[in-house]
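Here are a few short exercises to work through with the model open in your viewer. Try each one yourself before reading the solution.

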Amino acid sequence: MSLVRAPRRTLLAAGALAAALTLSACTGDSNAKSGGGGDTNFVTGTGGISTAPEGKRMAAPQLSGKDLTGKPLDLADYRGKVVVLNLWGSWCAPCRAEAPYLTRIAEETRSKGVEFVGINTRDPQTGPALAFEKDYEVPYPSFHDPIGKLILKFPKGSLNPQAIPSTIVIDREGKIAARALTALDDKQLRSMIDPVLAEK
């Protein structure tokens, strides 16, 4: 019986996550609640961007799966680089609004040791997501995570994704340094990436 219950619990949890993300999805609200304050180790600044200082960051979860073309994709392969993780859906208007900025900054920062990786969610089929990537000339891969299994791996109380879109910056040691719960422009992306990139 336990073999039946475990997958069911996973599906129920994923369903609850999808419902929660639906409530905060694609609002474009720069004042979205971040979960900061209290006994957390991060601070939320203006524009809904939260940061955690070195030494007080939580480790990013181990994420592995397949990209939108069916090829294996593993976040561990990017260890030692600054990683920008973007949660998005092809159906999401704010995701479309920020896509040109993500594409531009990904291209501008790659030579500096920054890698971008997407998490495509709530797209049951990959066709619309692949069309999105083609339309915006997205130069980096994305996990296909239609029901949010990968999102559930982020630890509670961390700078975890809580809306669509969300963007997370992971430092060279694999720890979560910054998070935004809204669509970003190039200046906002730089404000998240540059301080982490400058760390030695």
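**Exercise 1.** In this predicted model, work out how Trp88, Phe132 and Tyr136 form one aromatic cluster.

*Solution.* Start with tryptophan 88 and phenylalanine 132: their ring centres are 4.6 Å apart with 25° between the planes, a stacked pair. Next, place them in the chain: tryptophan 88 lies in strand β5 and phenylalanine 132 in helix α3, 44 residues apart, so the pair links distant parts of the chain. Then go on to tyrosine 136, whose ring centre is 4.9 Å from that of phenylalanine 132; the planes meet at 50°, so this pair is tilted. Phenylalanine 132 takes part in both pairs.

**Exercise 2.** Decide whether phenylalanine 132 and tyrosine 136 are buried or partly exposed.

*Solution.* Buried means under 20% relative accessible area. Phenylalanine 132 has 7%, so it is buried. Tyrosine 136 has 26%, so it is partly exposed.

**Exercise 3.** Find which element gives the most residues to the largest nonpolar core.

*Solution.* First, take the core itself: it has 27 residues, and Leu63 and Phe143 are among those with the most contacts inside it. Now list the elements that give two or more residues: β5, α2, β6, α3 and β8. Of these, β5 gives the most, with four. As a last step, look around leucine 63: beyond its neighbours within four places in sequence, its contacts include Leu75, Leu85 and Phe143.

**Exercise 4.** Locate the charged group that sits over the ring of tryptophan 91.

*Solution.* Go to arginine 122: its charged end lies over that ring, 4.3 Å from the centre.

How values were computed:
Residues numbered from 1 in each chain as written. Predicted model: local features only at pLDDT ≥ 70, side-chain atom pairs only at ≥ 80, totals over all residues. Heavy atoms only, no water. Core = buried A, V, L, I, M, F, W, Y, C linked by side-chain atoms within 4.5 Å. Buried < 20%, exposed > 50% of the residue type's maximum accessible area, 1.4 Å probe, protein only. Contact = heavy atoms within 4.5 Å. Phe/Tyr/Trp six-rings, centres within 6.5 Å; stacked < 30°, edge-to-face > 60°. Lys NZ or Arg CZ within 6 Å of the ring centre and 35° of its normal.
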